[in-house]
Amino acid sequence: MSKLEWLFLAGGTLLYALGTAAGFAATRAGDRRRLAQARLAGLMGAAYHLFVLVSLGARTGHFPVTGAPEAFLALSTATMGVALGLDALRKLSVLLVGTLPLAFVTTLLSAALLAAPGSEATTPQPSAWTALHVFTAIGSYGAFAIAFVSGVLYIVAQRQLKEHASILGLMPPLQSIERINLRALAVGAILLAGGILVGYAQARNVYDRKFDRLDPKIILSTLTFALYVGVLVLSRRPQFRGRRVALASIAGFFLVMVTFWASIFWSGFHQFR
């Protein structure tokens, strides 16, 4: 990475950290000025990191999400973009506050991987199908990240109701949080299904039908898809809706992260590096 790219990466990560602190302060003290600061920090941090991705792609001439560090950076940027969009359209500031620390941790992982020797991708520009595969996969992970945050918020909101507490009046009704959670799960499952199908077709073409179907990334992606589809099916039962769906969304995101890491260390032909 160039010095300018490192500067923007560090700056965006610092903005996420400051936004996280401002968001937590806003929820504790009821300070809407701090909430506005958190919103601005999230917006600027995402813009900084978008610049890094575009700059990497333009400078190296390869698809800007072919490296593991870039993929983590794209994941955090996309998730923050969705949270900012929902905040602007649906006034879901609490979702933005919950997404900021997740984006901060994800960008720290990206920076740690970029600091490793030989981490920057040298893969040439891939085909449109490969690009579609990567974008749908990362898009699904972003949707599952939103489901994770909304699941955490559901648990917090439910506890608040029992304790007759409130967070700055930011917390929407439980039904609204549950609806966001279920929609994020559905979008993530659809995108992941598309990513798996496109990736399977592309792999058959590239590897002449000799690719390993027992590759860890393939197995974990399939398990992740099955898990979330199972949660969506069970969510139609009244006894499973609400808290159990929220807990499943939280637990499922850890499998998503394991699947993501499989691309870096365990997969034979999915490795970014």
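**Helix pairings in an all-helical chain**

In the predicted model, Arg-59 is partly exposed, with a relative accessibility of 42%. The side chain of Arg-59 takes part in a salt bridge with Glu-5, in which the closest N and O atoms are 2.8 Å apart. Because Arg-59 belongs to helix α2 and Glu-5 to helix α1, the pair ties together parts of the chain that are 54 residues apart in sequence. The acidic partner, Glu-5, has a relative accessible area of 0% and is buried. This salt bridge therefore joins a partly exposed arginine to a buried glutamate.

The protein chain as a whole contains eight helices and zero strands. Its order along the sequence is accordingly α-α-α-α-α-α-α-α. Of the 273 residues in the protein chain, 50% count as buried. The accessible surface of the protein chain is about 13,400 Å², and carbon and sulfur atoms account for 67% of that area. Where contacts in the protein chain are formed between residues at least 6 apart in sequence, 79% of them join residues at least 24 apart.

The number of salt bridges in the structure is three. Side chains of opposite charge can pair when their charged atoms come close. Besides the bridge between Arg-59 and Glu-5, a salt bridge is found between the side chains of Arg-39 and Asp-87, with an N to O distance of 2.6 Å. Arg-39 lies in helix α2 and Asp-87 in helix α3, which spans residues 68-90, so the pair ties together parts that are 48 residues apart in sequence. Arg-39 is partly exposed at 30% relative accessibility, whereas Asp-87 is buried at 5%.

A further salt bridge is made by the side chains of Arg-241 and Glu-178, at 3.0 Å from N to O. Arg-241 is placed in the loop between α7 and α8 (243-265), and Glu-178 in helix α6, so the pair ties together parts that are 63 residues apart in sequence. The relative accessible area of Arg-241 is 40%, and this residue is partly exposed. Glu-178 has a relative accessibility of 15% and counts as buried, because the cut-off for a buried residue is under 20%. In this bridge too, a partly exposed arginine meets a buried glutamate.

Helix α6 (residues 174-206) also holds Asn-181. Asn-181 is buried, with a relative accessible area of 3%. Its side chain makes a polar contact with the side chain of Ser-249 at 3.0 Å. When residues up to four places away in sequence are not counted, Asn-181 touches Ala-147, Ser-150, Gly-151, Val-245, Ala-246 and Ser-249. Ser-249 is thus both a residue touched by Asn-181 and the partner of Asn-181 in a polar contact between side chains.

Aromatic rings provide additional links, and the structure holds five aromatic pairs. One of them is formed by Phe-8 and Phe-51, with 4.3 Å from centre to centre and 40 degrees between the planes, and this pair is tilted. Phe-8 lies in helix α1 (residues 3-29) and Phe-51 in helix α2 (residues 32-60), so the pair ties together parts that are 43 residues apart in sequence. Phe-8 is partly exposed, at a relative accessible area of 23%. Phe-51 is likewise partly exposed, at 32% relative accessibility.

In the pair of Phe-144 and Tyr-228, the ring centres are 3.8 Å apart and the planes stand at 5 degrees, so the pair is stacked. This pair links distant parts of the chain, as Phe-144 is in helix α5 (residues 128-163) and Tyr-228 in helix α7 (residues 216-234), 84 residues apart. Phe-144 is buried, with a relative accessible area of 0%, and Tyr-228 is buried as well, with a value of 1%. The stacked rings of Phe-144 and Tyr-228 thus belong to buried residues, whereas the tilted pair is made by two residues that are partly exposed.

Phe-8 and Phe-51 are also part of a cluster, in which ring pairs link them with Tyr-48. Helices α1 and α2 are accordingly joined both by the aromatic pair of Phe-8 and Phe-51 and by the salt bridge of Arg-59 and Glu-5.

Terms used. Residues numbered from 1 in each chain as written. Predicted model: local features only at pLDDT ≥ 70, side-chain atom pairs only at ≥ 80, totals over all residues. Heavy atoms only, no water. Helix = DSSP H or I, 4+ residues; strand = E, 2+ residues; numbered from the N terminus. Buried < 20%, exposed > 50% of the residue type's maximum accessible area, 1.4 Å probe, protein only. Contact = heavy atoms within 4.5 Å. Areas by Shrake-Rupley, 256 points an atom, 1.4 Å probe, with all protein chains shown as cover. Phe/Tyr/Trp six-rings, centres within 6.5 Å; stacked < 30°, edge-to-face > 60°. Polar contact = N/O pair within 3.5 Å; in protein donor to acceptor, adjacent residues only side chain to side chain. Salt bridge = Lys/Arg side-chain N within 4 Å of Asp/Glu carboxyl O.
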